[in-house]
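Reader: Please give me a close look at the packing in this model, taken as one connected account. I would like the cut-off behind each term stated where the term is used.

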Amino acid sequence: MMAAGGGVGEKVDDKNVELFLGKLLRWGVLLAALVVFFGGVWFVAESHDVPQNYRTFRGEPVELRAVPQIVDQAIALRPLGLIQFGLLLLIATPVARVLFSVLGFALERDWMYVVFTLLVLALLIYTLTSRSGV
Amino acid sequence: MVALGSFLAGMLGSLTGLGGGVVIVPLLTLVFGVDIRYAIGASLVSVIATSSGAAAAYLREGYSNMRVGMFLEIATTVGAVSGAFLAGYLHTSVIAIVFGVVLLYSAYTTTQTATDSAAGMAPDRIATTLRLDANYPTAEGLKSYHVRNVPIGFGLMYVAGVLSGLLGIGSGAVKVLAMDQAMKIPFKVSTTTSNFMIGVTAAASAGIYLRRGYIDPGLAMPVMLGVLAGALVGARILPGAKVRTLRIVFGVVIAALAIEMIFQGVRGKL
């Protein structure tokens, strides 16, 4: 077997990391969906029959845009804040995957890929924390 | 209504392997009259949901190539950020027209059948340096493959990222094109690795859309839950489904939506 790029042991490690990641992602999505569902039921129950207007674009208020404010809104148990927090959890699932891939590559001592993965991770964190999103 | 439409979109997306994202934006804008920016925000969220939700099933099969995925994600995330920035400056009509064109291409790819062109290639210098070559399980046991044309694949992935950030789709079709056609990666490996990458790409643009206030919780909620439920049901009934017929029907639907999107975009209605 001319498996270029890695020995047998490395392959096994890759596989274990991947299986763990798969489970992590599924639980993350499930948790996010539950939070969104809970917030959604609450939101619908509270807003009665006020028709929502998405035809004209207004943009979301500040408290539903930035990570710290969304967390505050969710802790204050505002329905829209809860939904947005669930969506944030969902966005975090691929970020977590990248984070664990860094660890996975580090365990394999594949430093080139540790750097590549850190690059992707840095970019993801930047987009979530950059000041205005421009 | 939005939840039901998203449910159908998610189901069709998972049955045909195209992902629900391609139909969410036309569905929301053309049928429900939603502003395209809100539609893109909601679509991005559903793209992440299906990608992360399906990852476990894909990973178990052992086809995906983590190194290829991670290396190319540098290109797709940078592309996604550029696309999302671009979306802030382009007129919504222009976005609608670009969307229509990409949709037409997706419709075209549904009519193409997969061919594997990977066999018997010599190793590539860049791919060897980057340790991209690997093997995957087939009926005859593990089979090794060599990755080709890394720069072209990397460039195409940047384009896929831009489209994803600009239009709120997974760009699965372009990703598979880059890996399968340009880089000569076996089809099974391309599709699973692509699913792997779609979530990360979409997360990069979703961050920017969220910060910009394009992601509305009231709209994203039914879309995300609908697409997720649809994708789960789709995966359940997939083994017994007439995929061939479905793909053709879905292809026609997408083509019709694409033409409508372009038409409305030209008229400046979106």
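Author: Two residues are in contact if their C-beta atoms, placed from the backbone, lie within 7 Å. The model is a predicted one, in which local features need pLDDT of at least 70 and side-chain atom pairs count only at pLDDT 80 or more, while totals for chains, interfaces and linings use all residues. Residues are numbered from 1 along each chain as its sequence is written, and chains are lettered from A and ligands numbered from 1 in the order in which they are written.

In chain B, among the contacts with a separation of 6 or more, 81% are made by residues 24 or more positions apart. Chain A gives 58% for contacts that join residues at least 24 apart, again counted among those at least 6 apart in sequence. The secondary structure of chain B comes to eleven helices and two strands (DSSP runs of H or I with at least four residues, and of E with at least two, numbered from the N terminus), and along the sequence these elements follow the pattern α-α-α-α-α-α-β-β-α-α-α-α-α. Chain A, by contrast, has four helices and zero strands, so that its pattern reads α-α-α-α. Of the 270 residues in chain B, 62% are buried (20 or more other C-beta atoms within 10 Å of their own, against 12 or fewer for exposed and anything in between for partly exposed), whereas buried residues make up 40% of the 134 residues in chain A.

Where the chains meet, the contact takes 57 residues from chain A and 56 residues from chain B. On the side of chain A that touches chain B, helix H1 (8-47), helix H3 (79-107) and helix H4 (111-129) of chain A each supply at least two residues, and H1(A) gives the most, with 16 residues. Sorted by class, this side of chain A has 32 nonpolar, 16 polar and nine charged residues (Ala, Val, Leu, Ile, Met, Phe, Trp, Tyr, Cys and Pro count as nonpolar, Asp, Glu, Lys and Arg as charged, and the others, Gly among them, as polar).

One helix pair spans the two chains: H4(A) and H4(B) pack at an angle of about 30 degrees, with their axes 9 Å apart (axes are lines fitted to C-alpha atoms, for helices over the stretch in contact, and angles run from 0 to 180 degrees between N-to-C directions). The two helices H4(A) and H4(B) are therefore roughly parallel (under 35 degrees, with over 145 counting as roughly antiparallel, 65 to 115 as roughly perpendicular and the rest as oblique). From H4(A) the residues that meet H4(B) include A:Tyr113, A:Phe116, A:Leu119 and A:Leu123, and among those on the H4(B) side are B:Arg67, B:Met70, B:Glu73 and B:Val81. By class, the contact of H4(A) with H4(B) has eleven nonpolar, three polar and two charged residues.

H4(B), residues 66-87, is also the place of B:Phe85, which counts as partly exposed because it has 17 C-beta neighbours inside 10 Å. B:Phe85 lies 8.0 Å from B:Ile208, C-alpha to C-alpha, although the two are 123 residues apart in sequence. A second such pair begins in helix H5 (residues 92-111) of chain B, where B:Thr92 is found; B:Thr92 and B:Gly268 are 176 residues apart in sequence and 8.2 Å apart in space, C-alpha to C-alpha. B:Thr92, with 19 C-beta neighbours inside 10 Å, counts as partly exposed.

Within chain B, helix H7 (residues 150-167) and helix H9 (residues 187-212) pack at an angle of about 45 degrees, with their axes 9 Å apart, and H7(B) and H9(B) are therefore oblique to each other. Here B:Gly161, B:Ser164 and B:Gly165 in H7(B) meet B:Thr201, B:Ala202 and B:Ser205 in H9(B), a contact whose residues divide into one nonpolar, five polar and no charged. In helix H8 (residues 172-182) of chain B, nine of the eleven residues are buried, including B:Lys175 and B:Asp180, and H8(B) is followed by B:Lys184, whose phi is positive, near 60 degrees.

The largest nonpolar core (buried Ala, Val, Leu, Ile, Met, Phe, Trp, Tyr and Cys residues joined through C-beta atoms within 7 Å) has 121 residues, of which B:Val45, B:Ile48 and B:Met224 touch the most other members. Helix H3 (residues 36-60) of chain B gives the most to this core, with 13 residues. Leaving aside neighbours within four places in sequence, B:Met224 is in contact with A:Val36, B:Val45, B:Ser46 and B:Ala49.
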